[in-house]
Amino acid sequence: MTACHQEKTSKIPPASRTKIMLRAFSDTTKLDTFKIVLNGERPKDMELVFTITPPSGKPIYTKTLKATALLDNYRDNVDLGKEKKQMQFMQDELALFLDEENFLEPAVTENEQPDKNTTDKSFFAELKRSGVNGFKYRLGKESNVYIAWSAADRKVKTYYECCK
């Protein structure tokens, strides 16, 4: 009888599946909406969907992070053997995603210099001149992506990625 017993998944209340923050990003005088949503009921089906939407209402950035990829990246360092622990890990990722330390004001300081992890040196120089804000998020324990608004290209671009 116990061989057929499956571990119960703890339901995550809908109100706990979304985090929203308003910050200056694509325009220094208006606030964009940063939103992260945890979709799915079981870790193998879960994903974090991150969007940035300016006041105009049309998203300027969307990134989907699969739970399976995040969980696989941390298995060596964190005990994620049980589904309950995987669910908690995903809830923690959601909770930390819009942490204050991930908002970079400005994206690039006047003293910063590009290095081997700078994905676009001309965009880096644009950010240095413009002083616009940036945002960073994790793809894994050792992998961060830094993004900012490019006024020249009228879109969100990655300017730094470390370390795969």
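**View 1. Residues lining the largest pocket of the predicted model.** In this predicted model, the largest pocket is lined by Glu93, Leu96, Phe97, Asp99, Glu101, Asn102, Lys136, Tyr137, Arg138 and Asn144. The elements that contribute two or more residues to this lining are H2 and S6, which span residues 83-97 and 134-140, respectively. Sorted by class, the lining consists of 5 charged, 3 nonpolar and 2 polar residues, and the space inside the largest pocket comes to about 190 Å³.

**View 2. The largest cavity and its lining.** The structure holds 1 cavity of 30 Å³ or more, and the volume of the largest cavity is about 40 Å³. Its lining is formed by Arg23, Ala24, Phe25, Phe34, Phe103, Leu104, Glu105, Asn133 and Gly134, with strand S1 (18-24) and S5 as the elements that supply two or more residues. By class, 5 of these lining residues are nonpolar, 2 are polar and 2 are charged.

**View 3. The buried side of helix H1.** Within helix H1, which runs over residues 67-74, the buried residues are Ala67, Leu70, Leu71 and Tyr74. These residues lie on the same side of H1 because the arc that they cover around the axis is only 95 degrees. Among the elements that cover the buried residues of H1 are strand S3 (47-53), strand S4 (61-66), helix H2 (83-97) and strand S6 (134-140).

**View 4. A cis peptide bond and an exposed asparagine in the loop between S5 and H3.** Proline 106 lies in the loop between S5 and H3, and the peptide bond that leads from glutamate 105 to proline 106 is cis, with omega near -5 degrees. Asparagine 111 is also found in the loop that runs between strand S5 (103-104) and helix H3 (121-130), where asparagine 111 counts as exposed because its relative accessibility is 63%, and the cut-off for exposed is over 50%. Although asparagine 111 and lysine 128 are 17 residues apart along the chain, their C-alpha atoms are separated by 8.7 Å.

**View 5. Arginine 154, a residue other than glycine with a positive phi.** Arginine 154 is located in the loop that connects strand S7 (143-150) and strand S8 (155-162). The phi angle of arginine 154 is near 55 degrees, which is a positive value in a residue other than glycine. With a relative accessibility of 60%, arginine 154 counts as exposed.

How values were computed. Residues numbered from 1 in each chain as written. Predicted model: local features only at pLDDT ≥ 70, side-chain atom pairs only at ≥ 80, totals over all residues. Heavy atoms only, no water. Buried < 20%, exposed > 50% of the residue type's maximum accessible area, 1.4 Å probe, protein only. Helix = DSSP H or I, 4+ residues; strand = E, 2+ residues; numbered from the N terminus. Arc of directions from axis to C-beta. Contact = heavy atoms within 4.5 Å. 1 Å grid on protein atoms, 1.4 Å probe; cavity = no way out; pocket = protein on both sides within 12 Å on 5 of 7 lines; lining within 4 Å. Points joined across faces, edges and corners; volume = space filled by probe spheres on them. Nonpolar A, V, L, I, M, F, W, Y, C, P; charged D, E, K, R; others polar.
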